[in-house]
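Good morning, and thank you for the time on today's agenda. I would like to walk you through one structure, beginning with its strands and ending with its charged side chains.

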Amino acid sequence: MEKDAKIFVAGHTGLVGSAIVRKLASKGYNNLCLASHKELDLRNQKDTEAFIQKEKPEYVFMAAATVGGVLINDTLPGKFLYDNLAMSMNVIHSSYLAGVKKLLYMGSGCIYPKFAEQPIQEGALLSGALEKTNEAYAVAKIAGLKLCEYYNKQYGTEFISCMPCNAYGPGDHFGLESSHVVPALIRKAHEAKKNHAESIVMWGTGLPVREFIYIDDIASACVFLMGHYTGDECINVGTGTEYTIRELTQIVCDVVGFQGKVVNDLGKPDGAPRKLLDSSKIFALGWKPTVSFAEGIQKTYQDFLANEEKYLREGN
Ligand code: GFB
């Protein structure tokens, strides 16, 4: 990407989008066109087409999505399918119409089949049944990935896609019912410590295993791929290290300094049993993650403490 290239980061206020903007700015890419959700509803095809036609970006990072943890995915499947399908379709089609040079589409490791062989290779996509709790989100994201692949084939576009493992870091959502596990546990451990509570609640059995990646590492991978990768197949972006949810809970409690008990809420879903990615392709291209899990959790907790009021006000 040329330093003065015009770049549209769709979803720039979200966890991934805000990290991509930080990364681009740090590397001297300042010709960004951004639009908040209030300014532009990407589910509206006409408005999205008009915006991209007017701005004519050369590069697009498609990081806009309706996201959430296992529970909200399971309870709002209609919203998760509609929102993510509409946003993906509109941004990809409008980018094609406007002659965008290159687009990076954000997939997610959770859209691979529930029982894909681990570590999961990119070729496993669509090879088996999906995890029920987030099937809606997965169907929408798979459609977006395929739209990129088919537009490349039919129209000669250069629309690439990546599949990060579970992301966490500054700028995440901390709503107790809607968030992902890392921010949820950070908030619960912090509030339990503050209130001298005896225990915190961990959803499910604690047995599922997750691979986590710090959000600034995802951002560096996205900018790297935009500059170094072209092809129809999605590219995994992981760290190769995984923890059971119970181990994660203990790590978070240790970082926060909460020494009480951990209690299971077996009424909440476990979600996928495991989803370790095989990231050998991106490693072979020359990228690797740099933030360790211990450091990442520490940084995320410090960010939560510095912005606690804002995060709790956002609530979602
Ligand atoms: O992060 P999470 O909601 O998403 O849950 P998934 C991960 C695991 O943490 C599940 C457990 O086994 C949860 O039961 N967990 C324990 C908790 N305590 C909590 C808690 O307080 N809050 C939450 N949220 N989980 C998502 C997909 O699956 O992965 C999304 O549903 C998305 O579509 C995301 O792709 C990356 O990893 O299970």
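**From the sheet outwards**

Strand S1, residues 7-10, and strand S2, residues 32-33, run parallel and are joined by two bridges. Within that pairing, Ile 7 has Leu 32 of S2 as its bridge partner. Please keep in mind throughout that this is a predicted model.

S1 and S2 belong to an open sheet of six strands, in the order S2-S1-S3-S4-S5-S9, with parallel pairing. S2 and strand S9, residues 235-237, stand at the edges with a single partner strand each, so one side of each has no neighbour in the sheet. At the S9 end, three bridges join S9 to strand S5, residues 159-164, and these two strands run parallel. There, Cys 162 stands opposite Ile 235 in S9.

Let us return to S1 and its side chains. In a regular strand, side chains alternate between the two faces of the sheet. Are the residues on the two faces of S1 buried or exposed? Ile 7 and Val 9 on one side, and Phe 8 and Ala 10 on the other, are all buried, and both faces of the strand are therefore covered.

That brings us to the nonpolar interior. In soluble globular proteins, nonpolar side chains tend to be buried together. The largest nonpolar core here has 72 residues, of which Ile 20, Phe 61, Ile 111 and Leu 225 touch the most other members. Helix H7, residues 215-228, supplies the largest share of this core, with nine residues. Another core, of 24 residues, lies apart from it and has Val 182, Ala 192, Val 262 and Tyr 311 among its members.

Which residues does Phe 61 contact, leaving aside its neighbours within four places in sequence? They include Ile 7, Phe 8, Val 9 and Ala 10, as well as Met 1, Ile 20 and Leu 24. Cys 222, Val 223 and Met 226 are also among the contacts of Phe 61.

I turn now to two helices. Helix H5, residues 135-155, has 21 residues and reaches 29 Å from its first C-alpha to its last, close to the 30 Å expected at 1.5 Å a residue. Its buried residues, including Tyr 137, Leu 145 and Tyr 151, pack against helix H3, helix H4, strand S4 and S5. After H5 comes Gly 156, with a positive phi near 70 degrees.

Helix H6, residues 181-194, has 14 residues and reaches 20 Å between its first and last C-alpha, close to the 20 Å expected at 1.5 Å a residue. How many of the 14 residues of H6 are buried? Eleven are, and H6 is mostly covered. Among them are Val 182, Leu 185 and Ile 186, together with the charged Arg 187, Lys 188 and Glu 191. The cover over the buried residues of H6 includes strands S6, S7 and S8 and helices H8, H10 and H11. Just after H6, His 196 takes a positive phi of about 50 degrees.

Finally, the charged side chains. The whole structure holds 20 salt bridges, and I shall describe three of them.

Arg 22 and Asp 216 meet in a salt bridge at 2.6 Å, N to O. Arg 22 lies in helix H1 and Asp 216 in helix H7, so the pair ties together parts that are 194 residues apart in sequence. Arg 22 is partly exposed at 36% relative accessibility, and Asp 216 is partly exposed at 29%.

In the second, the closest N and O atoms of Asp 83 and Arg 43 are 3.2 Å apart. Asp 83 lies in helix H4 and Arg 43 in the loop between S2 and helix H2, so this pair links parts 40 residues apart in sequence. Asp 83 is buried, at 3%, whereas Arg 43 is partly exposed, at 27%. Both residues belong to a network of salt bridges with Asp 41 and Lys 79.

The third salt bridge joins Lys 102 and Glu 158, with closest N and O atoms 3.4 Å apart. Lys 102 is in strand S4 and Glu 158 in the loop between H5 and S5, 56 residues apart.

I close with Asp 278, in the loop between strand S11 and helix H9. Asp 278 is buried yet has no salt bridge, and the nearest side chain of opposite charge, Lys 281, is 8.2 Å away. Beyond its sequence neighbours up to four places away, Asp 278 touches Pro 119, Ile 120, Gln 121, Glu 122 and Asn 236.

Terms used
Residues numbered from 1 in each chain as written. Predicted model: local features only at pLDDT ≥ 70, side-chain atom pairs only at ≥ 80, totals over all residues. Heavy atoms only, no water. Helix = DSSP H or I, 4+ residues; strand = E, 2+ residues; numbered from the N terminus. Buried < 20%, exposed > 50% of the residue type's maximum accessible area, 1.4 Å probe, protein only. Salt bridge = Lys/Arg side-chain N within 4 Å of Asp/Glu carboxyl O. Contact = heavy atoms within 4.5 Å. Expected span 1.5 Å × (residues − 1). Core = buried A, V, L, I, M, F, W, Y, C linked by side-chain atoms within 4.5 Å. Pairing = 2+ DSSP bridges.
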